[in-house]
Amino acid sequence: MKSIFKLLTLVLITNFIVSCSNDDDNTPPPPVNEEEVITTLTVTFVPQGGGTNVELKTQDLDGDGPDAPVVTISGSFEANTTYTGTLEFLNELENPAEDITEEVEEEALEHQVFFIVTNNLGTVTYNDMDTDGNPIGLNVTFQTADTPNPINGAMTVTLRHEPNKDAAGVSDGDITNAGGETDIQATFAPITVE
C-alpha cells in the first residue's frame with residue numbers, strides 16, 4: 001500500500017512540475033490564416049473556335065445572413081464542344097470588392113477547386129498546376145457530351161482550403177479523399193447541353 005501511495009505521490013509531483021514549466025520561450029505564435037470570405041463565385045466558359053459564352057454565377061451579398069444566394073446560369077452549352085473555363089472569387093462585402101482569386105493563386109499549394117458534373121454532361125480537366133505539379137482549378141477545360149438530344153444535369157463547384165492533394169484520386173478531381181475546409185460550394189442546375 002505504501003508503494004502505491006509513493007508512486008501516486010511521485011506522479012502527481014511530476015505532473016505539477018511539468019505543468020509549471022516555463023512556457024515563455026519568446027517564440028511568436030504561428031500566424032493565423034483566416035478563412036477567406038467569398039460572397040461571389042463566377043465561372044465563365046468560353047467555347048473554343050467561337051460561339052456563345054456560358055456564365056455560372058452565385059452571389060450571396062448578405063454573407064452568413066438569412067438570404068439565400070442568387071444563382072444564375074446564362075444559357076445552355078453546345079454539345080460536343082470544348083470550353084475553356086475561368087473562375088473568379090470575390091468578397092463583395094468589401095468596398096471595393098476584394099478579389100479572392102489572387103489569394104487562391106498565391107496560396108495555390110493550399111487550394112484546389114473540384115467540379116462534380118452529373119448526368120454525363122461532360123468532363124472537366126485542369127489546365128493549371130501549383131509548384132508541386134498538383135491541380136488548382138482556376139483554369140479548366142469542359143468538354144461537353146456528344147449528344148443528339150438535349151440533356152440536363154448539374155455542376156457543383158467547390159473550393160477547398162488545405163486539401164490533401166496527395167490523397168487517392170484528388171489530383172484527378174475526385175473530392176472524396178480531399179479533406180480540408182470548404183471555402184465556398186455552389187451547385188448550378190439545371191445545366192443543359194444541347
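Glutamate 162 counts as partly exposed because its relative accessibility is 48%, and partly exposed runs from 20% to 50%. Bear in mind that this is a predicted model. You'll find glutamate 162 in the loop between strand E9 (151–161) and E10. Its backbone is a bit of an oddity too: phi is positive, about 55°, although glutamate 162 is not a glycine.

Asparagine 119 tells a similar story. This residue sits in the loop between strand E6 (111–117) and strand E7 (122–126), and its phi is also positive, at about 60°, although asparagine 119 is not a glycine.

Why do such spots catch the eye? Because most residues other than glycine have a negative phi, and most peptide bonds are trans.

That brings us to the cis peptide bonds, set out here:

| Peptide bond | Omega | Where the proline lies |
|---|---|---|
| Asparagine 95 to proline 96, cis | about 5° | loop between strand E4 (82–91) and strand E5 (98–99) |
| Alanine 189 to proline 190, cis | near -5° | strand E10 (residues 181–193) |

Now for the inside. Which residues have the most contacts within the largest nonpolar core? They are Leu41, Phe45, Leu87, Phe89, Phe115, Met155 and Val157, and the core has 38 residues. E10 gives the most to this core, with five residues.

Phenylalanine 89 is a good one to click on. Leaving out residues up to four places away in sequence, phenylalanine 89 touches a whole list of partners, including Ile38, Leu41, Ile100, Val104, Val113, Leu138, Leu159 and Ile184. Also among its contacts are Thr40, Glu98, Asp99 and Thr101.

Note on methods. Residues numbered from 1 in each chain as written. Predicted model: local features only at pLDDT ≥ 70, side-chain atom pairs only at ≥ 80, totals over all residues. Heavy atoms only, no water. Helix = DSSP H or I, 4+ residues; strand = E, 2+ residues; numbered from the N terminus. Buried < 20%, exposed > 50% of the residue type's maximum accessible area, 1.4 Å probe, protein only. Core = buried A, V, L, I, M, F, W, Y, C linked by side-chain atoms within 4.5 Å. Contact = heavy atoms within 4.5 Å.
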